[in-house]
Amino acid sequence: MENKLKTLFEKKFGGKGTLYASAGRINLIGEHTDYNGGFVFPGAIDKVIVADIRPNGTDRVRLYSADMDDSAEFGLTEADAPKAQWARYIFGVCREIIKRGGRVEGFDAVFAGNIPLGAGLSSSAALESCFAFALNDLFNNNSIDKFELARIGQSTEHNYCGVNCGIMDQFASVMGKKGNLMRLDCRSMEFEYFPFAPEHHTLVLVDSHVKHELVDSPYNKRRESCERVARRLGIDTLRDADMAMLDAVRGDISDEDYRRARFVIGEKERVLAVCDALNAGDYDTVGRMMYETHQGLSRDYEVSCEELDFLNDVARECGVTGSRIMGGGFGGCTINLVPNALVDSFIATAIERFESRYGHAPAIYPVIISDGARRL
Ligand code: ADP
Ligand code: MG
């Protein structure tokens, strides 16, 4: 990809730029925890966006997206927002840096990626963090703190792309480190690296290509349940609850609220169990926690769907160590921790059984935990 981009840069703009990359991400465990003040557990993957960039001495930005085969040009004031969605991610990053008092001048860039779009691997966060990292290096002497680069990406989604996302995707894409996952505390924003370099397992994502359209804003309802239980317990968020506290108020809350809270509290405990297991290199426990998370998401939190439960069952039947829904639910991917010896047979079985049941094949992405934003 680097050579292709260098050739393209030469052709579009002449001469040479500097190459930067950033990555998509997975989340091993810790789902629906961010708005409950809990933990997420993401890592950057070996699927990337790479950009070749060079300041051009003007106040205009000129871009070529190799994957879209499309160009865009814009100035750097708020009124200059480009029309193309892909360019708005980059415009937003420029604007958010400027709004924070950072410097951005005109530049030329070509870029391309191999992160599937909209598959739950956060290609948009990778795009934002690639440019945020590059513009910090090219125009700001790397004076913007890395965590702030993630916030710049998040604000880009909020203010220029209409996506009201949390910080996890951009955080993982910016801070990711080869062979490490990160436990991010969504309350304090503190984070810690944990080794994730299984010798005998491979992470395999299975994308169901299913997205159920939902009518009754189920996310807000889940959130409201959590908030109601927290209020009943006299705490800010379910982060501060444990099962004994929840059981003590079981008679005063609805069964539905009880089950929602049971998932969130269990998920916090599972993330902590995974931390210990990773420190001990105990991938069987990691896998067991993933299955438990899936069950909780399916039965207690009720954000699964038939297709994802089916994929989870197939994983279990194939002897996969751990498997669960990744992301908010109601479709998308499962993330699977697969013994190396079973990878080929699991992939073949998952494709065959899913296709014969639902009429289309899932997409399969084996991933390796890799570095996040960087200069190449
Ligand atoms: P995801 O879950 O992958 O982040 P989004 O819908 O949030 O899905 O972001 C996908 C959008 O990001 C694309 O529609 C496009 O505008 C932009 N994008 C991502 N990767 C690329 C790429 N390689 N080239 C151009 N635009 C990209
Ligand atoms: Mg996105």
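I will walk through the overall build of this protein, then its two sheets, and finally the surroundings of its ligand.

Please keep in mind from the outset that what we have here is a predicted model. The protein is made up of 11 helices and 13 strands. Its radius of gyration is 21 Å, close to the 21 Å that the globule rule gives for 376 residues, and the protein is therefore as compact as a globular protein of that length. If we take the principal axes as our frame, the C-alpha atoms fill a box of roughly 65 × 50 × 40 Å.

Let me turn to the sheet with 6 strands, which is open and runs in the order 5-4-6-3-1-13, with mixed pairing. At its edges stand strand 5, residues 70-75, and strand 13, residues 374-375; each has a single partner strand, so one side of each is left without a neighbour in the sheet.

Strand 4 is a good place to see what "mixed" means in practice, if we follow its two pairings in turn. With strand 6, residues 107-113, strand 4, residues 60-65, pairs in the parallel sense over 5 bridges. Along that pairing, valine 61 stands opposite phenylalanine 107 in strand 6, and arginine 62 stands opposite aspartate 108, also in strand 6. With strand 5, by contrast, strand 4 runs antiparallel, and 6 bridges join the two; here tyrosine 64 stands opposite serine 71 in strand 5. Strands 4 and 5 form a hairpin with 4 residues between them, and in the turn aspartate 69 has a positive phi of about 45 degrees.

Now for the helices that go with this sheet. Helix 1, residues 2-13, lies across strand 1 (18-27), strand 3 (42-55), strand 4 and strand 6, and it runs at about 145 degrees to strand 6. Helix 2, residues 85-99, also packs on the sheet, where it touches strand 4, strand 5 and strand 6, and its direction makes about 30 degrees with that of strand 5.

The other sheet I want to describe is open as well, with 3 strands in the order 2-7-8 and antiparallel pairing. Strand 2 (39-40) and strand 8 (191-195) are its edge strands, each pairing on one side only. Strand 2 and strand 7, residues 180-185, run antiparallel and are joined by 2 bridges, and valine 40 has leucine 184 in strand 7 as its bridge partner. Helix 5, residues 168-175, packs on this sheet and touches strand 2, strand 7 and strand 8, with its direction at about 140 degrees to that of strand 7.

That brings me to the ligand, and to the question of which residues are the closest to ligand 1. It is surrounded by 17 residues, and the closest of them are Asp67, Leu117, Gly118, Ser123 and Ser124. From the backbone, an N or O atom of glycine 118 lies 2.8 Å from an oxygen atom of ligand 1. From the side chains, a polar atom of serine 123 lies 2.7 Å from an oxygen atom of the ligand, and a polar side-chain atom of serine 124 lies 3.0 Å from an oxygen atom of ligand 1. As for burial, ligand 1 has 570 Å² of accessible area on its own, and the protein covers 80% of that.

Conventions
Residues are numbered from 1 along each chain as its sequence is written. Chains are lettered from A and ligands numbered from 1 in the order in which they are written. This is a predicted model: local features need pLDDT of at least 70, side-chain atom pairs count only at pLDDT 80 or more; totals for chains, interfaces and linings use all residues. Side-chain values use heavy atoms; hydrogens and water are left out. Two strands pair if DSSP finds at least two bridges between them. Contact means heavy atoms within 4.5 Å. Axes are lines fitted to C-alpha atoms, for helices over the stretch in contact, and angles run from 0 to 180 degrees between N-to-C directions. A residue is near a molecule or strand if one of its heavy atoms lies within 4 Å of it. A polar contact is a pair of N or O atoms within 3.5 Å; within protein, one must be able to donate a hydrogen and the other to accept it, and residues adjacent in sequence count only if both atoms are side-chain atoms. Accessible areas come from the Shrake-Rupley method with a 1.4 Å probe; for residues, only the protein chains shown count as cover. The radius of gyration is taken over C-alpha atoms; the globule rule is 2.2 Å times the number of residues to the power 0.38.
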